[in-house]
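Let's go through some salt bridges and see what each label rests on. Have the sequence and the 3D view ready.

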Amino acid sequence: MTHPLLDLPPLTAAHFAAIERRVADLLATEQDVVIMQGEALLPLEGCIRGGAGAGSTALNIVTGPYGQTFGNWLRDCGADVVDLAVPFHTAVTAEQVAQSLAARPEIDFVSLVHAEAATGNTNPVAEIGEAVRAHGALFMLDAVASVGAEPLLPDAWGVDLCVIGAQKAMGGPAGVSAVSVSGRAWERIAANPKAPRHSYLSLLDWKTRWIDGGRKALLHAPAQLEMLALEACLERIEAEGLDSLMARHASAAAATRAGALALGGGLEPYVHDAREAAPVATTLRAPEGVDASVLVERALAADPSLPLIAGGGALSKEMIRVNHYGVDATRGSVLSSLAALGAALDGAGRTTDPEAARKAVSETWPGN
Ligand SMILES: *Cc1c(COP(=O)(O)O)cnc(C)c1O
């Protein structure tokens, strides 16, 4: 008996190349795109181990937990690391980046997370890119949480290595990911004797064997189901229109923020300045004396399908994440999430105004 997920013909090189082309179109990039056969941490680690190493000095910008991970990889591969960390409730500014670069002229690699789903902030990449370009360093961007949710223009912004995953705003699979690689980045990686070669982490393997070979032969059997899911997700985005997808995320974020403020009960946006709040997800600070993870547990007990989760690690007591991305970037999802948080807050002895929250959402995100 055949099964829709099984018994498929192998994914051909031509089909793989066509999916790659569509990813390049989504990113409006002329650079090479490599689709890595694993979750986005695979190309992120591959970029760092390929682009940096002993002898490099890296500026690692930390605006959330992923930046901390990058710093650890950079140190592990022998780079001298300058950490520029800002509080997780803010974004980094281009001025701060420019100052860090000016203080250490030898910096030749910069890593930055565009938007942080885990903390709910987003960084001004266009302006930061100008500072990095003026300095001449290689620029790596983690755009997993921004792609599909807000403008992402790696070529225009001078990003040399732009990593995306489909599992957030794109509403796609988590098991494959992609990276655009500039000519400068290829040169740097090729010149790095410690860059991964003959390895699952290797970008160079894809360059020499796949791209330079005219995209005729794949390195190994690809993650076929994930590739088909990525293609379906790109088709769905093309049908909706990228602008419309981004507008849904911007509206979801603005409505969640306004609704949470109107709900009251001590709930507050975690990211202080609305301009620094990421469209992909909205983080909220639990009221004093209320444990965020308990609050989220109560809200999910009422409706387990809501896109709510407590902050990770040390943030679990204070932060609530409303993951209004992908299929959850809807007014309905925002309204239900706020209603459930309101009921959970009432249960914790706080007074909320659910009607005011509904009104704030409708006013911020008008429609039917
Ligand atoms: C989600 C995300 C990733 C991918 O990590 P997962 O936890 O495996 O989903 C990488 N970087 C950023 C900034 C993300 O938000």
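Q: Why is the contact between Arg49 and Glu45 called a salt bridge?
A: A salt bridge needs a side-chain nitrogen of Lys or Arg within 4 Å of a carboxyl oxygen of Asp or Glu. The closest N and O atoms of Arg49 and Glu45 are 2.7 Å apart, so the pair fits that definition. This is a predicted model, where local features need pLDDT of at least 70 and side-chain atom pairs count only at pLDDT 80 or more, while totals for chains, interfaces and linings use all residues. Residues are numbered from 1 along each chain as its sequence is written, and side-chain values use heavy atoms, leaving out hydrogens and water.

Q: What makes Arg49 count as buried or exposed?
A: Buried means under 20% relative accessible area, exposed over 50%, and partly exposed in between (1.4 Å probe, protein chains only). Arg49 has 18% relative accessibility, so Arg49 counts as buried. Glu45 is buried as well, at 18%.

Q: Where do Arg49 and Glu45 lie?
A: Both are in helix α2 (residues 41–51), four residues apart, about one turn of the helix. Helices here are DSSP runs (H or I, at least four residues), numbered from the N terminus.

Q: Why is Glu363 called exposed?
A: Its relative accessibility is 55%, and the label applies over 50%. Glu363 also forms a salt bridge with Lys359, with the closest N and O atoms 3.5 Å apart.

Notes. Helix = DSSP H or I, 4+ residues; strand = E, 2+ residues; numbered from the N terminus.
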